[in-house]
Amino acid sequence: MKDTHWLTNAYVYFGMPYFLYDMWAMYSYHVRVNDHLYEKLDTFQRIKMFVYKNALMVAHHLLLPSILLPLVLIYREDKGDFFFGAFFMIEMVVPFISAREILLQLNMKHTRLYFYTSLSMIVMFFICRLAAFPYLYYKYAQYAGISFFDVPYVIPKKCNFSCLLILAPQVYWFILMIKGLHRAVYKIQQ
């Protein structure tokens with residue numbers, strides 16, 4: 001639990017610019033796909049419309065780096081690399097999200113491949129973005145020799161708050177994915 005690794009800081013230095021690039025890529029794609037909505041707007045109006053239509057995603061891509069960068073590089077005092085490493089596993093779902101988007105662009109939304117890619121994305125999302133939190137608490141309980149249920153009362157409040165802050169949008173997106181899966185299964189059954 002107290003081990004440190006140079007990759008923790010290196011990943012943050014790599015990841016922060018990536019968040020900005022990812023937001024730019026989403027903006028560019030959104031404008032290109034919806035060009036009929038944007039063709040008569042100037043740049044400021046396009047950005048404003050994109051932010052309005054994607055407020056949660058934009059907030060995620062702006063707030064997380066602005067919180068994560070100082071947290072990892074300054075305030076953690078070279079502690080908790082195990083926990084940050086587990087949080088970095090959150091990104092393991094991205095290839096599935098990207099593959100699903102590629103299949104959409106290839107007009108393959110109604111194929112089995114798209115369905116199974118979406119299902120894999122949901123499973124990976126659950127494992128990497130939701131189940132990771134109880135796993136971290138479980139590992140800390142083992143390390144500290146305490147009950148799993150005592151962990152929230154033993155660790156610093158800022159850790160619980162940070163986990164909640166990161167977990168909340170993940171739960172929201174997971175619910176959206178489950179609703180989408182439900183609609184897809186319903187269409188297949190008809």
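Helices (H or I, at least four residues) and strands (E, at least two) are DSSP runs, numbered from the N terminus. This is a predicted model: local features need pLDDT of at least 70, side-chain atom pairs count only at pLDDT 80 or more, and totals for chains, interfaces and linings use all residues. Residues are numbered from 1 along each chain as its sequence is written, and side-chain values use heavy atoms, with hydrogens and water left out.

**Exercise 1. The chain as a whole**

Task: State how many helices and strands the chain has, and in what order its elements run.

Solution.
Step 1. Count the elements: the chain has ten helices and zero strands.
Step 2. Read them from the N terminus: α-α-α-α-α-α-α-α-α-α.
Step 3. Add the extent. The C-alpha trace spans about 55 × 45 × 25 Å along its principal axes.
Step 4. Add burial. Buried means under 20% relative accessible area, exposed over 50%, and partly exposed in between (1.4 Å probe, protein chains only). Of the 190 residues in the chain, 29% are buried.
Step 5. Look at the contacts. Contact means heavy atoms within 4.5 Å. Take the contacts between residues at least 6 apart in sequence: 67% of them join residues at least 24 apart.

**Exercise 2. H1 against H3**

Task: Describe how H1 and H3 pack, and name the residues that meet.

Solution.
Step 1. Recall the method. Two packed helices are described by the angle between their axes and the distance between the axes.
Step 2. Fix the terms. Axes are lines fitted to C-alpha atoms, for helices over the stretch in contact, and angles run from 0 to 180 degrees between N-to-C directions.
Step 3. Give the values: an angle of about 105°, with the axes 11 Å apart.
Step 4. Classify. Angles under 35 degrees count as roughly parallel, over 145 as roughly antiparallel, 65 to 115 as roughly perpendicular and the rest as oblique. H1 is therefore roughly perpendicular to H3.
Step 5. List the partners. H1 brings Met-23, Met-26, Tyr-27, His-30 and Val-31. H3 brings Thr-43, Arg-46, Ile-47, Phe-50 and Lys-53.
Step 6. Sort by class. Ala, Val, Leu, Ile, Met, Phe, Trp, Tyr, Cys and Pro count as nonpolar, Asp, Glu, Lys and Arg as charged, and the others, Gly among them, as polar. The contact has six nonpolar, two polar and two charged residues.

**Exercise 3. Four residues**

Task: Say whether His-60, Ala-141, Phe-126 and Asn-107 are buried, partly exposed or exposed, and where each lies.

Solution.
Step 1. His-60 sits in helix H4. Its relative accessible area is 16%, so His-60 is buried. Not counting residues up to four places away in sequence, His-60 touches Phe-19, Pro-65, Gln-170 and Trp-173.
Step 2. Ala-141 lies in helix H8. At a relative accessible area of 5%, Ala-141 is buried. Beyond four places in sequence, Ala-141 touches Ile-146, Ser-147, Phe-148 and Val-151.
Step 3. Phe-126 belongs to helix H7. Phe-126 has a relative accessible area of 41%, so this residue is partly exposed. Leaving aside neighbours within four places in sequence, Phe-126 is in contact with Ala-131 and Phe-174.
Step 4. Asn-107 is in the loop between H6 and H7. At 71% relative accessibility, Asn-107 counts as exposed.
Step 5. Check the backbone of Asn-107. Most residues other than glycine have a negative phi. Phi of Asn-107 is near 55°, a positive value.

**Exercise 4. The two pockets**

Task: Give the volume and lining classes of the largest pocket and of the second largest pocket.

Solution.
Step 1. Define the search. On a 1 Å grid over the protein atoms alone, a pocket is an open set of points where a 1.4 Å probe fits, with protein on both sides within 12 Å along at least five of seven lines; lining residues have an atom within 4 Å of a point. Grid points are joined across faces, edges and corners, and a volume is the space filled by probe spheres set on the points.
Step 2. The largest pocket holds about 1,800 Å³. Its lining divides into 25 nonpolar, ten polar and ten charged residues. H10 gives the largest share, ten residues.
Step 3. The second largest pocket has about 1,300 Å³. Leu-71, Phe-84, Phe-87, Cys-159 and Ser-162 are the closest to its centre, out of 45 lining residues. This lining has 33 nonpolar, five polar and seven charged residues.
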